[in-house]
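Hi there,

Here is the structure I promised to pass on to you. Have a look at it first, and then read on for my notes.

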Amino acid sequence: SELLSVRNLVKRYETPRGTVHAVDDVSFEIPVGHSVAVVGESGCGKSTLALSVLQLVAPTSGQVNFDGTDLIGASRSALTRLRREIGVVFQDPASSLNPRMRVGDIVGEPLRVHEKLRGRSLHDRVTKLFNDVGLTADAMDRYPHQFSGGQRQRISIARALALEPKLIVLDEPTSALDVSVQAQVLNLLQDLKARKNLSYLYISHSLATVEYLADILIVMYLGRVIEKGPADDIFRDP
Ligand code: ADP
Ligand code: ADP
(Lines give C-alpha, C1' and ligand atoms only; values in the text may rest on other atoms or scores of the structure.)
(Ligands and ions follow the chains in the order given, each with its own letter.)
Protein backbone atom coordinates (compact mmCIF):
# COMPACT_ATOMS: atom_id res chain seq x y z
CA SER A 1 0.00 0.00 0.00
CA GLU A 2 1.03 3.62 -0.52
CA LEU A 3 2.51 5.56 2.36
CA LEU A 4 2.93 8.77 0.40
CA SER A 5 1.17 9.77 -2.77
CA VAL A 6 1.96 12.97 -4.64
CA ARG A 7 -0.41 13.88 -7.50
CA ASN A 8 0.08 16.60 -10.09
CA LEU A 9 2.05 18.74 -7.68
CA VAL A 10 2.75 22.27 -8.89
CA LYS A 11 4.70 24.99 -7.12
CA ARG A 12 5.24 28.33 -8.80
CA TYR A 13 7.18 31.18 -7.27
CA GLU A 14 6.22 34.68 -8.40
CA THR A 15 9.37 36.79 -8.51
CA PRO A 16 10.09 40.31 -9.79
CA ARG A 17 11.76 38.64 -12.77
CA GLY A 18 8.74 36.48 -13.59
CA THR A 19 7.18 33.15 -12.66
CA VAL A 20 9.47 30.27 -11.66
CA HIS A 21 7.97 26.83 -12.30
CA ALA A 22 9.91 25.16 -9.48
CA VAL A 23 7.77 22.00 -9.46
CA ASP A 24 5.76 21.43 -12.60
CA ASP A 25 3.16 18.64 -12.47
CA VAL A 26 5.02 15.99 -10.47
CA SER A 27 3.38 12.69 -9.48
CA PHE A 28 4.79 9.68 -7.65
CA GLU A 29 4.07 7.21 -4.85
CA ILE A 30 6.14 5.73 -2.05
CA PRO A 31 4.94 2.26 -1.00
CA VAL A 32 5.43 1.29 2.66
CA GLY A 33 9.01 0.23 3.30
CA HIS A 34 10.34 1.57 0.00
CA SER A 35 12.67 4.39 -0.84
CA VAL A 36 12.23 6.91 -3.59
CA ALA A 37 15.18 9.04 -4.58
CA VAL A 38 14.76 12.33 -6.39
CA VAL A 39 17.85 13.38 -8.32
CA GLY A 40 18.68 16.28 -10.57
CA GLU A 41 21.01 19.19 -10.85
CA SER A 42 20.86 22.22 -8.62
CA GLY A 43 17.73 24.30 -9.26
CA CYS A 44 15.63 21.49 -10.77
CA GLY A 45 13.09 21.68 -7.92
CA LYS A 46 14.12 18.86 -5.56
CA SER A 47 14.06 20.93 -2.37
CA THR A 48 10.80 22.61 -3.29
CA LEU A 49 9.31 19.17 -3.84
CA ALA A 50 10.53 17.95 -0.43
CA LEU A 51 9.34 21.12 1.33
CA SER A 52 5.94 20.77 -0.34
CA VAL A 53 5.63 17.20 0.94
CA LEU A 54 6.53 18.41 4.44
CA GLN A 55 4.03 21.28 4.01
CA LEU A 56 6.80 23.76 4.75
CA VAL A 57 5.91 25.51 1.52
CA ALA A 58 2.33 25.72 0.25
CA PRO A 59 1.99 24.08 -3.17
CA THR A 60 0.23 26.06 -5.90
CA SER A 61 -1.89 23.00 -6.77
CA GLY A 62 -1.96 19.23 -6.59
CA GLN A 63 -2.42 16.61 -3.90
CA VAL A 64 -0.20 15.16 -1.21
CA ASN A 65 -1.59 12.20 0.72
CA PHE A 66 0.36 10.73 3.63
CA ASP A 67 -0.78 7.52 5.28
CA GLY A 68 -4.39 8.06 4.21
CA THR A 69 -4.64 11.77 5.07
CA ASP A 70 -4.72 14.63 2.58
CA LEU A 71 -2.07 17.08 3.71
CA ILE A 72 -3.21 19.94 1.55
CA GLY A 73 -6.05 21.66 3.31
CA ALA A 74 -5.58 19.55 6.45
CA SER A 75 -6.22 21.22 9.80
CA ARG A 76 -3.33 22.61 11.80
CA SER A 77 -3.62 19.86 14.41
CA ALA A 78 -3.69 17.15 11.74
CA LEU A 79 -0.56 18.67 10.21
CA THR A 80 1.21 18.78 13.57
CA ARG A 81 0.46 15.12 14.12
CA LEU A 82 1.55 14.19 10.60
CA ARG A 83 4.81 16.13 10.90
CA ARG A 84 5.68 14.01 13.91
CA GLU A 85 5.24 10.94 11.73
CA ILE A 86 7.74 12.19 9.14
CA GLY A 87 11.40 12.41 10.22
CA VAL A 88 13.72 14.85 8.49
CA VAL A 89 17.49 14.75 8.00
CA PHE A 90 19.18 17.74 6.40
CA GLN A 91 22.47 18.11 4.57
CA ASP A 92 24.55 19.81 7.17
CA PRO A 93 24.34 18.41 10.71
CA ALA A 94 26.70 21.16 11.92
CA SER A 95 23.98 23.74 11.32
CA SER A 96 20.97 21.62 12.28
CA LEU A 97 22.32 20.45 15.67
CA ASN A 98 22.21 23.07 18.42
CA PRO A 99 25.88 23.59 19.43
CA ARG A 100 24.93 24.42 23.02
CA MET A 101 22.97 21.24 23.67
CA ARG A 102 24.41 17.89 24.68
CA VAL A 103 23.72 15.41 21.90
CA GLY A 104 21.71 13.20 24.25
CA ASP A 105 19.35 16.13 24.84
CA ILE A 106 19.18 16.84 21.12
CA VAL A 107 18.16 13.27 20.32
CA GLY A 108 15.77 13.15 23.29
CA GLU A 109 14.08 16.47 22.62
CA PRO A 110 11.25 15.10 20.42
CA LEU A 111 10.53 12.53 23.13
CA ARG A 112 10.44 15.17 25.87
CA VAL A 113 8.26 17.54 23.86
CA HIS A 114 5.86 15.12 22.19
CA GLU A 115 5.82 12.08 24.45
CA LYS A 116 6.55 13.95 27.71
CA LEU A 117 9.21 11.39 28.63
CA ARG A 118 11.53 12.19 31.56
CA GLY A 119 14.16 10.49 33.69
CA ARG A 120 14.92 6.82 33.26
CA SER A 121 12.36 6.16 30.50
CA LEU A 122 13.78 9.05 28.45
CA HIS A 123 17.35 7.92 29.06
CA ASP A 124 16.56 4.36 27.99
CA ARG A 125 14.89 5.46 24.76
CA VAL A 126 17.80 7.78 23.90
CA THR A 127 20.31 5.00 24.64
CA LYS A 128 18.44 2.75 22.24
CA LEU A 129 18.43 5.43 19.55
CA PHE A 130 22.19 5.91 19.93
CA ASN A 131 22.71 2.17 19.60
CA ASP A 132 20.47 2.10 16.51
CA VAL A 133 22.83 4.47 14.71
CA GLY A 134 26.04 2.82 15.89
CA LEU A 135 26.93 5.16 18.76
CA THR A 136 27.37 4.15 22.37
CA ALA A 137 25.52 5.79 25.25
CA ASP A 138 28.62 7.50 26.65
CA ALA A 139 28.45 9.88 23.65
CA MET A 140 25.28 11.45 25.09
CA ASP A 141 26.95 13.95 27.38
CA ARG A 142 29.13 15.48 24.67
CA TYR A 143 28.43 18.44 22.42
CA PRO A 144 28.05 18.34 18.61
CA HIS A 145 31.49 19.88 17.92
CA GLN A 146 33.12 16.93 19.68
CA PHE A 147 32.01 14.61 16.89
CA SER A 148 33.14 14.07 13.31
CA GLY A 149 30.82 14.97 10.42
CA GLY A 150 29.73 11.39 9.94
CA GLN A 151 28.99 10.97 13.63
CA ARG A 152 27.01 14.20 13.66
CA GLN A 153 24.94 12.88 10.78
CA ARG A 154 24.33 9.69 12.82
CA ILE A 155 23.08 11.93 15.63
CA SER A 156 20.72 13.72 13.21
CA ILE A 157 19.43 10.35 12.06
CA ALA A 158 18.89 9.24 15.67
CA ARG A 159 16.85 12.38 16.31
CA ALA A 160 14.82 11.79 13.13
CA LEU A 161 14.05 8.25 14.35
CA ALA A 162 13.01 9.32 17.85
CA LEU A 163 9.25 9.40 17.30
CA GLU A 164 9.34 6.20 15.24
CA PRO A 165 8.28 7.77 11.95
CA LYS A 166 7.19 5.72 8.96
CA LEU A 167 8.76 8.12 6.48
CA ILE A 168 12.07 9.97 6.60
CA VAL A 169 12.81 12.82 4.23
CA LEU A 170 16.54 13.07 3.61
CA ASP A 171 17.84 16.18 1.86
CA GLU A 172 21.42 15.57 0.65
CA PRO A 173 22.31 13.82 3.93
CA THR A 174 25.78 12.74 2.81
CA SER A 175 26.93 15.52 0.51
CA ALA A 176 28.79 17.39 3.26
CA LEU A 177 30.71 14.21 4.21
CA ASP A 178 33.98 12.65 3.05
CA VAL A 179 33.47 9.87 0.50
CA SER A 180 34.52 7.08 2.87
CA VAL A 181 32.10 8.35 5.51
CA GLN A 182 29.28 8.71 2.95
CA ALA A 183 29.40 4.97 2.39
CA GLN A 184 29.06 4.29 6.12
CA VAL A 185 26.06 6.59 6.46
CA LEU A 186 24.41 5.05 3.38
CA ASN A 187 24.97 1.58 4.84
CA LEU A 188 23.41 2.71 8.10
CA LEU A 189 20.37 4.12 6.28
CA GLN A 190 19.97 0.91 4.28
CA ASP A 191 20.21 -1.16 7.44
CA LEU A 192 17.69 0.99 9.36
CA LYS A 193 15.26 0.87 6.46
CA ALA A 194 15.21 -2.93 6.53
CA ARG A 195 15.11 -3.24 10.31
CA LYS A 196 12.37 -0.68 10.90
CA ASN A 197 10.38 -1.00 7.67
CA LEU A 198 11.07 2.68 6.97
CA SER A 199 10.29 4.55 3.80
CA TYR A 200 12.62 7.24 2.48
CA LEU A 201 12.19 10.25 0.26
CA TYR A 202 15.82 10.85 -0.57
CA ILE A 203 16.87 14.07 -2.30
CA SER A 204 20.27 14.24 -3.98
CA HIS A 205 22.13 15.84 -6.87
CA SER A 206 24.28 12.71 -7.15
CA LEU A 207 23.03 9.72 -9.09
CA ALA A 208 25.90 7.60 -7.76
CA THR A 209 24.80 8.20 -4.16
CA VAL A 210 21.19 7.19 -4.60
CA GLU A 211 21.74 4.25 -6.94
CA TYR A 212 22.52 2.10 -3.94
CA LEU A 213 19.59 3.11 -1.76
CA ALA A 214 16.69 3.81 -4.11
CA ASP A 215 13.96 1.33 -5.00
CA ILE A 216 12.47 3.95 -7.33
CA LEU A 217 14.45 6.72 -8.93
CA ILE A 218 12.93 9.99 -10.10
CA VAL A 219 15.05 12.24 -12.28
CA MET A 220 13.96 15.89 -12.37
CA TYR A 221 14.87 18.56 -14.87
CA LEU A 222 13.51 22.12 -14.75
CA GLY A 223 10.72 21.16 -12.35
CA ARG A 224 9.56 18.14 -14.34
CA VAL A 225 10.07 14.41 -13.97
CA ILE A 226 12.04 13.19 -16.99
CA GLU A 227 12.75 9.63 -15.81
CA LYS A 228 10.95 7.48 -13.24
CA GLY A 229 11.31 3.81 -12.42
CA PRO A 230 13.29 1.12 -10.62
CA ALA A 231 16.91 2.22 -10.32
CA ASP A 232 18.08 -0.92 -12.14
CA ASP A 233 15.94 -0.14 -15.21
CA ILE A 234 17.09 3.44 -15.42
CA PHE A 235 20.74 2.47 -15.17
CA ARG A 236 20.28 -0.24 -17.82
CA ASP A 237 18.79 2.27 -20.28
CA PRO A 238 21.25 3.47 -22.91
P1 ADP B 1 16.94 22.19 -6.04
O2 ADP B 1 16.60 21.76 -4.68
O3 ADP B 1 16.84 21.11 -7.06
O4 ADP B 1 18.27 22.91 -6.11
P5 ADP B 1 14.94 24.25 -5.65
O6 ADP B 1 13.67 23.58 -5.31
O7 ADP B 1 15.73 24.84 -4.55
O8 ADP B 1 15.84 23.26 -6.53
O9 ADP B 1 14.66 25.42 -6.71
C10 ADP B 1 13.86 25.23 -7.87
C11 ADP B 1 13.67 26.57 -8.57
O12 ADP B 1 12.86 27.40 -7.77
C13 ADP B 1 14.97 27.33 -8.79
O14 ADP B 1 14.87 28.03 -10.01
C15 ADP B 1 15.00 28.28 -7.62
O16 ADP B 1 15.75 29.44 -7.95
C17 ADP B 1 13.55 28.60 -7.43
N18 ADP B 1 13.19 28.94 -6.05
C19 ADP B 1 13.36 28.14 -4.96
N20 ADP B 1 12.89 28.73 -3.86
C21 ADP B 1 12.41 29.94 -4.25
C22 ADP B 1 11.80 31.03 -3.58
N23 ADP B 1 11.55 30.99 -2.25
N24 ADP B 1 11.44 32.11 -4.29
C25 ADP B 1 11.67 32.15 -5.61
N26 ADP B 1 12.24 31.17 -6.31
C27 ADP B 1 12.60 30.06 -5.64
P1 ADP C 1 39.79 10.97 17.95
O2 ADP C 1 39.43 9.77 17.08
O3 ADP C 1 39.49 12.27 17.25
O4 ADP C 1 41.13 10.90 18.55
P5 ADP C 1 38.43 9.87 20.24
O6 ADP C 1 39.38 8.74 20.16
O7 ADP C 1 38.20 10.54 21.55
O8 ADP C 1 38.76 11.02 19.17
O9 ADP C 1 37.02 9.35 19.76
C10 ADP C 1 36.85 8.91 18.46
C11 ADP C 1 35.65 9.59 17.91
O12 ADP C 1 34.50 8.98 18.43
C13 ADP C 1 35.59 11.07 18.30
O14 ADP C 1 35.26 11.83 17.15
C15 ADP C 1 34.47 11.12 19.29
O16 ADP C 1 33.75 12.32 19.20
C17 ADP C 1 33.60 9.98 18.90
N18 ADP C 1 32.86 9.40 20.00
C19 ADP C 1 32.95 9.75 21.28
N20 ADP C 1 32.16 9.04 22.03
C21 ADP C 1 31.55 8.17 21.19
C22 ADP C 1 30.58 7.15 21.37
N23 ADP C 1 30.08 6.87 22.56
N24 ADP C 1 30.19 6.43 20.31
C25 ADP C 1 30.68 6.72 19.11
N26 ADP C 1 31.58 7.69 18.88
C27 ADP C 1 32.00 8.41 19.92
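Below is what I found around the ligand and among the salt bridges.

One thing to keep in mind as you read is that this is a predicted model.

**Around ligand 1**

The shell around ligand 1 consists of Tyr 13, Thr 15, Val 20, Ala 22, Glu 41, Ser 42, Gly 43, Cys 44, Gly 45, Lys 46, Ser 47 and Thr 48. By character, these shell residues split into four nonpolar, six polar and two charged. At least two of them come from each of strand E1 (2-15), strand E2 (18-31) and helix H1 (46-53). The biggest contributor is H1, which supplies three residues.

Several polar contacts reach oxygen atoms of ligand 1. Thr 48 places a polar side-chain atom 2.5 Å from one such oxygen. For Lys 46, a polar side-chain atom lies 3.0 Å from an oxygen atom of the ligand. Gly 45 takes part through its backbone, with an N or O atom 3.0 Å from a ligand oxygen. On its own, ligand 1 has 560 Å² of accessible area, and the protein covers 60% of that.

**Salt bridges**

The count of salt bridges in the model comes to 10. Three of them are worth a look on your screen.

Start with Asp 67 and Lys 166, whose closest N and O atoms are 2.6 Å apart. This pair links distant parts of the chain, with the two positions 99 residues apart in numbering. Asp 67 sits in the loop between strand E4 (61-66) and strand E5 (69-70), while Lys 166 is in the loop between helix H6 (149-161) and strand E7 (167-171). Asp 67 counts as partly exposed because its relative accessibility is 33%, and Lys 166 falls in that class at 41%.

Next, Arg 81 and Glu 85 form a salt bridge, at 3.4 Å from N to O. Arg 81 is partly exposed, with 40% relative accessible area, and Glu 85 is partly exposed at 24%.

Lastly, Arg 195 bridges to Asp 191, with 3.0 Å between the closest N and O atoms. Both residues belong to helix H7 (residues 179-196), where they are four residues apart, or about one turn of the helix. Each of them is partly exposed: Arg 195 has a relative accessible area of 47%, and Asp 191 has a relative accessibility of 35%. Through shared partners, salt bridges join Asp 132, Asp 191, Arg 195 and Lys 196 into one network.

Happy browsing, and best wishes!

Methods
Residues are numbered from 1 along each chain as its sequence is written. Chains are lettered from A and ligands numbered from 1 in the order in which they are written. This is a predicted model: local features need pLDDT of at least 70, side-chain atom pairs count only at pLDDT 80 or more; totals for chains, interfaces and linings use all residues. Side-chain values use heavy atoms; hydrogens and water are left out. A residue is near a molecule or strand if one of its heavy atoms lies within 4 Å of it. A polar contact is a pair of N or O atoms within 3.5 Å; within protein, one must be able to donate a hydrogen and the other to accept it, and residues adjacent in sequence count only if both atoms are side-chain atoms. Accessible areas come from the Shrake-Rupley method with a 1.4 Å probe; for residues, only the protein chains shown count as cover. Ala, Val, Leu, Ile, Met, Phe, Trp, Tyr, Cys and Pro count as nonpolar, Asp, Glu, Lys and Arg as charged, and the others, Gly among them, as polar. A salt bridge is a side-chain nitrogen of Lys or Arg within 4 Å of a carboxyl oxygen of Asp or Glu. Buried means under 20% relative accessible area, exposed over 50%, partly exposed in between (1.4 Å probe, protein chains only).
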